[in-house]
Amino acid sequence: MKRDKILYLMNPISGTRSKKVLRNKIENITRSAIIDFTFEGTTQDGNYDHLVDYIKTERFNKIGICGGDGSVNQVVNALAHLDIPFGIIPMGSGNGLALTANIPKNPEKALEILFTGKPALTDGFMINNRFACMLAGLGFDAGVAHEFAEQESRGLKTYARLTTRHFFTAPFYPFTISANGLRFDTEAFFISVANSNQFGNSFTIAPEALLNDGLLDIVIVKKTAKPLLLLNVVKQVLLGKVKTAENSLQQSIIYFQTDQLTIENPSKAPLHIDGEPSETESRFEIKILPNFFKLIRPRAGVN
């Protein structure tokens, strides 16, 4: 049996926990498992060209991403062409992809999955020329992501505080959607384009989304009074069911699946990709990337 050799990439600023303590814990657990490993830092610009030859020469056969969804996005986008499986040790504020894949935030349990789990083919998608591995959003949640990125202290408390404040002040935005042969106009609080089933922190926005079904789950929260809007979102989180876009147009929340769509965004509603603020545009062409990378998941329940 081929022995594992893991390249850990750690984001020094993700989440709120001490990186020195976590790194020491990861090192000790990996040594105890008699696995060779090396640590490198993630990069701010997402460029990992300097590691490609190193990974090949040193014959690493797993990459352990120690960070949040933004770190996962950049590393996977840069290194998926090497056909090397990725594991996640969740260290971000939301950890949406890890939680969708049943990878716990507990570092010991996450490492056990990295060591013994099964690489599963996993979809990504493109939003214009930018890569997403789990979720892109336009409107309310993107506005929160933009302000969250500017905070000195991160974590769930900060995110919850900003979310509450933005909920009452965020506007509705006009959009034109084209998908599955249908084109329609709507005003919406936000639009989520989801490959995973949640925002993060176990907040499920697209309950029927799967990581490897070759489809994107589109959730459009339409304009309505804010108290009723909150109730509608809660219903979506708990009971949301996929319909055809045409059959859900009259609903308060439109929820459908597609492998590609166009979103026209004339008011330039803010955009986030995998929880990270991103520059918005007036038009988005969005397309699934089926089986784009290998994600190491728990063996139980992996297809």
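Which residues does Leu79 touch, not counting residues up to four places away in sequence? In this predicted model, Leu79 touches Leu9, Tyr48, Val52, Ile55, Ile63, Ile84 and Phe86 under that restriction. Leu79 is also among the residues with the most contacts inside the largest nonpolar core. The points below cover the cores, selected buried residues, helix packing and backbone geometry.

**Nonpolar cores**

- The largest nonpolar core comprises 49 residues, and those with the most contacts inside it are Ile55, Ile63, Leu79, Phe86 and Leu97.
- Helix H3 (residues 69-79) supplies the largest share of this core, namely 4 residues.
- A second core, separate from the largest one, contains 27 residues, including Phe175, Val193, Ile220 and Ile254.
- In soluble globular proteins, nonpolar side chains tend to be buried together.

**Ile220 in the second core**

- Ile220 belongs to the second core and is located in strand S12 (residues 216-222).
- Its relative accessibility is 0%, so Ile220 counts as buried.
- Leaving aside residues up to four places away in sequence, Ile220 touches Ile177, Phe184, Thr186, Ala188, Phe190, Ile191, Ser252, Ile253, Ile254 and Phe256.
- One of these partners, Ile254, is likewise listed in the second core.
- Ile220 and Glu281 are 61 residues apart along the chain, and their C-alpha atoms are separated by 18 Å.

**Ala80 and Leu295**

- Ala80 is placed in the loop between H3 and strand S4 (86-90).
- Because its relative accessibility is 13%, Ala80 counts as buried.
- The contacts of Ala80, not counting residues up to four places away in sequence, are Val75, Phe86, Phe292 and Phe293.
- From Ala80 to Gly92 the separation is 12 residues in sequence and 21 Å in space, C-alpha to C-alpha.
- Leu295 lies in strand S17, which spans residues 283-297.
- With 1% relative accessibility, Leu295 counts as buried.
- Leu295 touches Phe86, Ile88, Leu97, Ala101, Lys118, Pro119, Ala120, Thr122 and Leu211, again not counting residues up to four places away in sequence.
- Phe86 appears among the contacts of Ala80, of Leu295 and of Leu79.
- Leu295 and Leu156 are 139 residues apart in sequence, with 25 Å between their C-alpha atoms.

**Packing of H1 with H5**

- Two packed helices are described by the angle between their axes and the distance between the axes.
- Helix H1 (residues 19-32) packs with helix H5 (residues 107-116) at an angle of about 45 degrees, and the axes are 11 Å apart.
- H1 and H5 are therefore oblique to each other, and their crossing is right-handed.
- On the H1 side, Leu22, Lys25, Ile26, Ile29 and Thr30 take part in the contact, meeting Pro107, Glu108, Leu111 and Phe115 of H5.
- By class, the residues of this contact are 6 nonpolar, 1 polar and 2 charged.
- An α-helix has 3.6 residues a turn, so residues three or four places apart point the same way.

**Helix H6 and its packing with H7**

- Helix H6 (residues 140-148) is largely enclosed by the rest of the structure, because 8 of its 9 residues are buried.
- The buried residues of H6 are Phe140, Asp141, Ala142, Gly143, Val144, Ala145, Glu147 and Phe148.
- The axes of H6 and helix H7 (residues 156-169) come within 10 Å and cross at roughly 130 degrees.
- H6 is therefore oblique to H7, and the two helices pass in a right-handed crossing.
- Phe140, Gly143, Val144, Glu147 and Phe148 of H6 meet Thr158, Tyr159, Leu162, Thr163, Arg165, His166 and Phe167 of H7.
- The contact of H6 with H7 divides into 6 nonpolar, 4 polar and 2 charged residues.

**Positive phi at non-glycine residues**

- Asp274 is not a glycine, yet its phi is positive, at about 50 degrees.
- Asp274 sits in the loop between strand S15 (271-273) and strand S16 (276-278).
- The relative accessibility of Asp274 is 1%, so Asp274 counts as buried.
- Asn291, also not a glycine, has a positive phi of about 50 degrees.
- Asn291 occurs within strand S17 (residues 283-297).
- Asn291 has a relative accessible area of 43% and is therefore partly exposed.

Note on methods
Residues numbered from 1 in each chain as written. Predicted model: local features only at pLDDT ≥ 70, side-chain atom pairs only at ≥ 80, totals over all residues. Heavy atoms only, no water. Axes fitted to C-alpha atoms, helices over the stretch in contact; angles between N-to-C directions. Parallel < 35°, antiparallel > 145°, perpendicular 65-115°, else oblique. Left-handed = near helix turned anticlockwise from the far one by under 90°. Contact = heavy atoms within 4.5 Å. Nonpolar A, V, L, I, M, F, W, Y, C, P; charged D, E, K, R; others polar. Core = buried A, V, L, I, M, F, W, Y, C linked by side-chain atoms within 4.5 Å. Buried < 20%, exposed > 50% of the residue type's maximum accessible area, 1.4 Å probe, protein only.
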